[in-house]
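Below are some notes on one helix, one pocket and one strand. Please read them with the model open.

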Amino acid sequence: MEFSQSNRAVIIGGGPRGTSVLERLLAHAAAAGGPVRLHVDVVDPFPAGPGHVWQPGQSRLFLMNTQSFYPTLIPQDPSLPAPVAGTTFDQWRAKQQRDPLPDLTADELAELAVLESTDFPSRALYGRYLRSTLTELLDKAPRGVTVEFHETSAQSVRPVGDGRYDVGLAAGETIRANSVVLALGHIPSRLNPEQRELQVSAAQLGLQYFPPAVPADVDWSRIPAGEPVLVRGMGLNFFDTMGQLTEGRGGKFVPTGSGLEYEPSGQEPLIIAASRRGTPYRAKAALPGYYAPSITLRYLTEAAIGRLAKTGIRPSFDHDLWPLLHRDALWAYYSTLVRSQPGAVPDAPAFLSALEEALQPHAHSAANWEDSVESVLAIHVGPRHRLDLPGLTAPLAGRSFASHGEHDAAVVEFLLDDARRSALGEDDPVKMAIGALHHGRAVLKTAVADGGITDESWVAGLRGWFESFVEGLASGPPALRSEQLAALARAGVVSFVGPDPKFGVDRKAAVFTAASPWVAGPPATARTMVEALAPGNRVSANDSPVLEQLLSDGLVRPKLMMTAEGAPIESTGLDVEPHPYRPVAANGSVTENLYVLGLQLSSAQWGTAIAAEAVQAGTPAYLSGQRTLRDADEIAAAILNPA
């Protein structure tokens with residue numbers, strides 16, 4: 001197969017998504033069986049491969065949220081053209097331990113020396129893998145394919161006729177391309193009204209306000225030692241903040257017979273943490289793989305999704321999908337309870353039989369299956385052993401506290417209990433209920449993609465409540481982080497505001513304030529405030545010149561979804577036509593030869609921020625998260641075989 005010498009593709013974004021497109025282009029070109037004439041331009045102000053988020057030079061305290069065995073840049077799907085080079089991250093890790101690259105730094109070698117398959121690597125080391133893999137790919141590039149990197153920003157993409165585009169760069173150059181791929185990744189976002197008000201007040205009063213940002217971009221040295229700092233958000237970015245302001249300043253966690261103790265360096269600020277739930281994300285369970293081997297979904301299965309599809313009616317999340325996953329979580333909890341705590345249920349066989357019957361989707365209407373389950377539980381399971389699934393995300397709900405000290409003690413108790421449960425792994429009923437939700441999340445990603453559920457249930461159900469619910473349970477840090485946070489609280493380095501905090505500015509005292517209605521006492525105050533949040537992933541609020549230009553010129557548009565009341569609302573991502581994903585223009589036409597990959601697909605796919613998953617032995621095909629790599633493959637095929 002031979003392609004025109006004029007075939008030139010521009011990939012805007014040189015991080016993992018953009019590099020995946022480049023990798024697939026090389027694979028398709030190599031599989032063509034003859035000379036391929038293609039020139040690829042990769043545009044990104046950060047070095048390609050790692051891109052913005054995964055730069056190898058960042059602090060090694062920033063950890064990945066997945067273990068070494070999980071991520072990959074290289075697809076393992078045998079139905080796709082074979083890669084010209086590269087391996088999964090875990091294979092690369094093992095190879096470097098045996099035969100390290102000569103240019104690995106001392107810090108990289110030190111981390112690799114102790115890093116196991118089930119450990120959480122630093123983002124810096126994953127960035128080194130990405131850079132190393134890109135170098136290997138370029139070394140093996142097939143004849144006729146050339147690649148050029150532009151370490152600058154794209155400012156515009158404008159059609160010039162014949163399906164081609166002029167891509168304007170910040171450096172002043174213009175590239176004429178046959179096709180353009182938008183792999184923009186994490187882009188800056190405009191602040192919401194409350195954040196803008198806090199930023200303005202900070203400037204007026206001489207305070208420090210740190211808006212949402214990629215943690216590696218923040219100058220943490222600006223936060224003064226010995227003074228309070230108010231940190232909003234207790235998700236994954238919170239633990240990055242915590243690490244930089246404690247271990248990053250010379251403090252040490254010391255193992256004791258009863259856990260961890262923190263030895264301050266004296267350079268720490270007083271961290272005052274606040275979030276809606278009042279507690280951080282739950283920690284991950286200690287498991288040999290990404291999914292708990294003991295958990296098999298019984299209700300939210302491929303077959304169940306297929307039966308829904310055969311009805312010809314798009315399912316609703318709350319009515320059709322969640323009840324199935326809810327059943328799986330209940331069965332995972334109670335079957336684990338019976339197995340791991342034999343005395344918890346007196347007549348275990350009778351209980352499991354009755355529970356199984358009550359959970360059958362065909363045995364009861366959607367309106368009363370939960371009542372049937374409650375009847376079974378009332379007979380067999382005492383209150384102490386019941387599962388309160390909604391309560392898992394809000395462990396302090398319904399409680400009030402007479403002082404900040406009393407509340408801090410309650411949070412420490414929660415953290416240590418959660419870490420204990422994580423250590424039990426598959427023998428903890430709560431963690432296995434969460435494990436079922438985690439399994440189900442993978443099934444849901446396929447079920448809801450490309451309009452697989454109704455707009456109103458996407459808006460109100462999946463994104464409205466379930467996303468934050470499951471993230472708080474299943475997307476947490478390693479259990480070590482919970483133990484460290486408890487140690488910091490006991491050492492007086494961290495305190496907590498409480499649930500449902502209200503933030504403000506006391507202009508007279510020139511301080512930020514935060515108070516919880518459930519915790520008595522004066523509000524927390526600080527002259528520094530950090531938003532421990534990633535920049536919002538919403539295309540209509542983006543601060544990217546190229547995306548702003550594309551929206552302004554009508555070449556792309558945000559996806560509109562209809563609420564249950566029939567009102568259209570803008571969703572977070574672009575309106576796209578699959579497959580491959582091409583944006584829908586303002587006039588409703590499809591913008592040809594322009595492709596979208598990654599975070600800006602958040603209105604067509606759910607969970608776009610999660611890295612591609614390496615195939616693990618024994619994992620069902622539908623749980624193998626290589627969707628983004630298949631999307632990249634479709635884009636590459638379209639670029640090399642234009643219609």
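1. The model is predicted. Helix α14 covers residues 479-490 and has 12 residues. Its buried residues are Ala479, Arg481, Ser482, Gln484, Leu485, Ala486, Ala487, Leu488 and Ala489. Because nine of the 12 residues are buried, α14 is largely enclosed by the rest of the structure.

2. The partners of this buried set are two helices, α6 (236-245) and α11 (404-424), and the strands β10 (252-256), β11 (259-263) and β13 (494-496).

3. From first C-alpha to last, α14 reaches 17 Å, close to the 16 Å expected at 1.5 Å a residue. Glycine 492 follows the helix, with a positive phi near 80°.

4. The second largest pocket holds about 750 Å³ of space. Its lining has 38 residues, with Gln67, Thr118, Phe120, Pro478 and Ala479 nearest the centre. Two or more lining residues come from each of α3 (106-114), α11, α12 (429-448), α13 (455-474) and α14. By class, the lining divides into 21 nonpolar, 10 polar and seven charged residues.

5. Strand β17 (residues 528-531) is covered on both faces. Thr528 and Val530 are buried on one side, and Met529 and Glu531 are buried on the other. In a regular strand, side chains alternate between the two faces of the sheet.

6. Which strands pair with β17? Strand β8 (residues 208-210) does so in the parallel sense over three bridges, and strand β9 (residues 228-232) also runs parallel to β17, joined by three bridges. Methionine 529 is the bridge partner of tyrosine 209 and of leucine 230.

Definitions and conventions: Residues are numbered from 1 along each chain as its sequence is written. This is a predicted model: local features need pLDDT of at least 70, side-chain atom pairs count only at pLDDT 80 or more; totals for chains, interfaces and linings use all residues. Side-chain values use heavy atoms; hydrogens and water are left out. Helices (H or I, at least four residues) and strands (E, at least two) are DSSP runs, numbered from the N terminus. The expected span of a helix is 1.5 Å times one less than its number of residues. Buried means under 20% relative accessible area, exposed over 50%, partly exposed in between (1.4 Å probe, protein chains only). Contact means heavy atoms within 4.5 Å. On a 1 Å grid over the protein atoms alone, a cavity is a set of points where a 1.4 Å probe fits but cannot get out, and a pocket is an open set with protein on both sides within 12 Å along at least five of seven lines; lining residues have an atom within 4 Å of a point. Grid points are joined across faces, edges and corners, and a volume is the space filled by probe spheres set on the points. Ala, Val, Leu, Ile, Met, Phe, Trp, Tyr, Cys and Pro count as nonpolar, Asp, Glu, Lys and Arg as charged, and the others, Gly among them, as polar. Two strands pair if DSSP finds at least two bridges between them.
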